[in-house]
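Got your viewer ready? Load the model, switch on side-chain sticks, and follow along stop by stop.

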Amino acid sequence: MTQENNIPSPDDPFPNEYGTTCFIKNVVKAPNVFIGDYTYYDSDDAPEEFERRNILFNYPFFGDKLIIGKFCQIASGTQFIMGAANHRLGTASTYPFNVMGGVWREISTPHIEDLPHKGDTVVGNDVWLGRNCVIMPGVKIGDGAIIAAQSVVTKDVAPYTVAGGNPARFLKNRFDEELTQLLLAFRWWDLPPEQLTAFLPVLCDKDLPAVKAALRKALAEKEAR
């Protein structure tokens, strides 16, 4: 906890008494993985080992990054597949002969250089990834999106939509266009901790017309400053 107003600290790996919820920016050390404040992984089994167990085939020299925003909620078993997991697609065999050593290494083409590059994997802010999701290389998931449990995400997911399945597909919009745009414009996840704490009643309000009104007012005040 922070000293001011007893606000949870993003720098505390285990913010509550349950021991299953870990703010993973504090335990992931890979130089090509970037995780925002308050994003957590929840698991009964060693959530602090998220990097080893849940970010697979991550070899920083390959050149891709994993970028996860703030306030994301990552359920147990969710895994991110990094680009080095790929195999050659443009040759007669996809087998990585070069990796096996011996004379195969001498006479085959280098494996890593031939792999397809899908780019960085980017997860926005306030994204909920359901239990046992798999996020494939190069996918972009927008702010506020929800990915259903057991989904395999192979394509980009728009902000404030729900996607699910294998492969994951669009299921529905979470909100109407006005509320979606207000949330994207306001970016509540960037508020300082004290301001965010004061704004929590709006974020937890089921009265969506009232939420829209509060967001309009907050944006107008922001623009007036």
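Start by selecting Lys 212 and everything around it: leaving aside residues up to four places away in sequence, Lys 212 touches Asp 176, Glu 178, Leu 179 and Leu 182, where contact means heavy atoms within 4.5 Å. Lys 212 itself lies in helix 6. Helices here are DSSP runs of H or I with at least four residues, strands are runs of E with at least two, and both are numbered from the N terminus.

Before going further, a word on what you are looking at. This is a predicted model, in which local features need pLDDT of at least 70 and side-chain atom pairs count only at pLDDT 80 or more, while totals for chains, interfaces and linings use all residues. Residues are numbered from 1 along each chain as its sequence is written, and side-chain values use heavy atoms, with hydrogens and water left out.

Back to the lysine: is Lys 212 buried or exposed? Its relative accessibility is 13%, so Lys 212 counts as buried. The cut-offs are under 20% relative accessible area for buried and over 50% for exposed, with partly exposed in between, using a 1.4 Å probe and protein chains only. Now draw a distance from the side chain of Lys 212 to the side chain of Asp 176: they make a polar contact of 2.5 Å. A polar contact is a pair of N or O atoms within 3.5 Å; within protein, one must be able to donate a hydrogen and the other to accept it, and residues adjacent in sequence count only if both atoms are side-chain atoms.

**Next, select 176-187**

Asp 176 has a second role here. It caps the N-terminal end of helix 4, with a side-chain oxygen 3.2 Å from the backbone nitrogen of Glu 178. Helix 4 covers residues 177-186, and its buried residues are Leu 179, Thr 180, Leu 182, Leu 183 and Phe 186. Look down the axis: these residues cover an arc of only 165°, which puts them on the same side of helix 4. The arc is that of the directions from the helix axis to the C-beta atoms. What covers them includes helix 5 (193-203) and helix 6 (208-224). Just past the helix, check the backbone of Arg 187, which follows helix 4 and has a positive phi near 50°.

Pause on Thr 180, in helix 4. With a relative accessible area of 7%, Thr 180 is buried. Not counting residues up to four places away in sequence, Thr 180 touches Tyr 160 and Phe 175.

**Then helix 5**

Which residues of helix 5 are buried? They are Leu 196, Phe 199 and Val 202. Seen down the axis, they fall within an arc of 80°, so they line one face of the helix. An α-helix has 3.6 residues a turn, so residues three or four places apart point the same way. The buried residues of helix 5 pack against helix 4 and helix 6. Rotate to the other side of helix 5 to find Ala 198 and Pro 201 exposed.

**Backbone stops**

Most residues other than glycine have a negative phi, and most peptide bonds are trans. Here are some places to compare.

- Tyr 160, the neighbor of Thr 180, sits in the loop between strand 13 (152-153) and strand 14. Its phi is positive, near 55°, and at 2% relative accessibility Tyr 160 counts as buried.
- Asn 166 and Pro 167 are joined by a cis peptide bond, with omega about -5°. Pro 167 lies in the loop between strand 14 (161-165) and strand 15 (168-173).
- Asp 126 is in the loop between strand 8 (121-123) and strand 9 (128-129). Its phi is positive, about 55°, although it is not a glycine. At 18% relative accessibility, Asp 126 counts as buried.

**Finally, zoom out**

Select Gly 90, in the loop between strand 7 (79-81) and helix 2 (102-107). Gly 90 is exposed, with a relative accessible area of 76%. From Gly 90 to Phe 199, the C-alpha to C-alpha distance is 52 Å, and the two are 109 residues apart in sequence.

With the whole chain in view, you have six helices and 15 strands. The C-alpha trace spans about 70 × 40 × 35 Å along its principal axes. Of the 225 residues, 43% count as buried.
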